[in-house]
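User: I would like to learn how to read a protein model, feature by feature. Please start with the words I need, and then show me each case.

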Amino acid sequence: MKSTRESDNDRLKGRSISFDEPLFFMEAHDGLSALIAEHTGFKAIWASGLSISTALGRRDASEICPAEMLRVFERIAEVTTVPVLVDADSGYGNFNNARLAARKLAQYSISGMCIEDKLHPKMNSFVGSGQALADAQEFCGKIKAIRDQGLGNFAVVARTEALISGLGMGEALDRAAAYLDAGADAILIHSKRPDANEIFEFLRQWEGRCPVVVVPTTYYQTPASELIRAGARGVIWANHSIRASVAAMKKACESIREQGGVQHLESNVESLGGLFKLLDYDELASAEKRYLPPMGGVRA
């Protein structure tokens with residue numbers, strides 16, 4: 001009988017995160033958005049804390065308990081076949097919370113987790129300014145604790161908020177170097193500037209010491225191709241599915257209320273046939289023919 005760790009490693013095979021080629025992550029906040037991301041051609045999924053919290057009607061401020069977040073992560077991994085990188089905030093507490101979460105995520109065939117060097121409970125990076133960061137050595141302990149679980153292909157992405165918090169390039173580089181030494185597989189460097197200049201500068205000074213992942217939410221006018229040429233190995237579109245969903249739902253609800261019907265709206269929403277195709281109802285129909293007896297009941 002295989003040990004839990006061996007079983008976890010087996011489940012992660014084939015879904016491991018590799019930065020040998022540039023990897024583009026599309027945000028997902030539930031099973032449906034994850035399916036759409038994969039069906040539209042994305043080869044990796046970012047299970048976004050912001051988006052999941054928003055979908056559950058809560059703020060991205062540690063208002064959703066870890067157990068509830070884990071249920072969503074499990075469903076995303078269950079319905080997809082591509083690698084899933086989980087946005088695990090600050091690790092849900094100290095090193096012990098972080099390593100317990102990592103073990104559970106590996107059991108769900110999640111490909112890796114990203115943890116950020118902010119204090120717990122966390123606040124979304126784009127709210128306010130000058131958010132306090134965790135002690136760098138304490139954060140290194142979280143990385144080591146996850147790595148020491150022996151989860152094989154499970155990736156650890158260390159996210160530094162030094163630029164977001166206004167601590168400067170030197171602090172960002174020092175923290176990234178410490179996190180790499182602690183065992184991180186990749187560094188996520190975050191910025192909320194409207195341009196990518198400080199991201200480009202970080203990449204220049206980092207000199208490819210390990211893969212770097214970027215999140216062009218505020219500097220969205222910078223093409224991904226430029227970020228890749230500058231040295232980024234991963235790009236995350238971190239909240240665009242939930243934002244698109246919110247905009248579309250608001251528009252639909254307002255239109256139905258104002259018009260008193262849906263006749264004018266039907267051509268602008270997904271057909272039921274499209275939903276059935278996405279969720280593979282044909283497979284269920286085929287399975288029914290194979291496993292269910294003919295209709296008509298039992299005759300005396």
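Analyst: Helices (H or I, at least four residues) and strands (E, at least two) are DSSP runs, numbered from the N terminus. What you see is a predicted model, in which local features need pLDDT of at least 70, side-chain atom pairs count only at pLDDT 80 or more, and totals for chains, interfaces and linings use all residues. Residues are numbered from 1 along each chain as its sequence is written, and side-chain values use heavy atoms, with hydrogens and water left out.

User: Where is Cys210 found, and is Cys210 buried or exposed?

Analyst: Cys210 lies in the loop that runs between helix H8 (197–206) and strand E7 (212–214). Because its relative accessibility is 10%, Cys210 counts as buried, a word that means under 20% relative accessible area, with exposed over 50% and partly exposed in between (1.4 Å probe, protein chains only). Although Cys210 and Ser18 are 192 residues apart along the chain, their C-alpha atoms are separated by 12 Å.

User: How do I judge the span of helix H5?

Analyst: The expected span of a helix is 1.5 Å times one less than its number of residues. For the 13 residues of H5 (residues 95–107) this should give 18 Å, and the end C-alpha atoms of H5 are 19 Å apart, which agrees.

User: Which residues of H5 are buried?

Analyst: The buried residues in H5 are Ala98, Ala101, Ala102, Leu105 and Ala106. They cover an arc of only 135 degrees around the axis, so they sit on the same side of H5; the arc is taken from the directions from the helix axis to the C-beta atoms. Following H5 comes Ser109, which has a positive phi, near 65 degrees.

User: How is empty space found, and which elements line the largest pocket?

Analyst: Rolling a probe the size of a water molecule over the atoms shows where empty space is left. On a 1 Å grid over the protein atoms alone, a pocket is an open set of points where a 1.4 Å probe fits, with protein on both sides within 12 Å along at least five of seven lines, and lining residues have an atom within 4 Å of a point. Points are joined across faces, edges and corners, and a volume is the space filled by probe spheres set on them.

In this model the largest pocket has a volume of about 720 Å³. Of the 22 residues that line the largest pocket, Ala244, Ser245, Ala248, Met249 and Glu270 are the closest to its centre. Helix H2 (31–39), helix H10 (240–259) and helix H11 (272–278) are the elements that each give two or more residues to this lining, and H10 gives the most, with nine residues.
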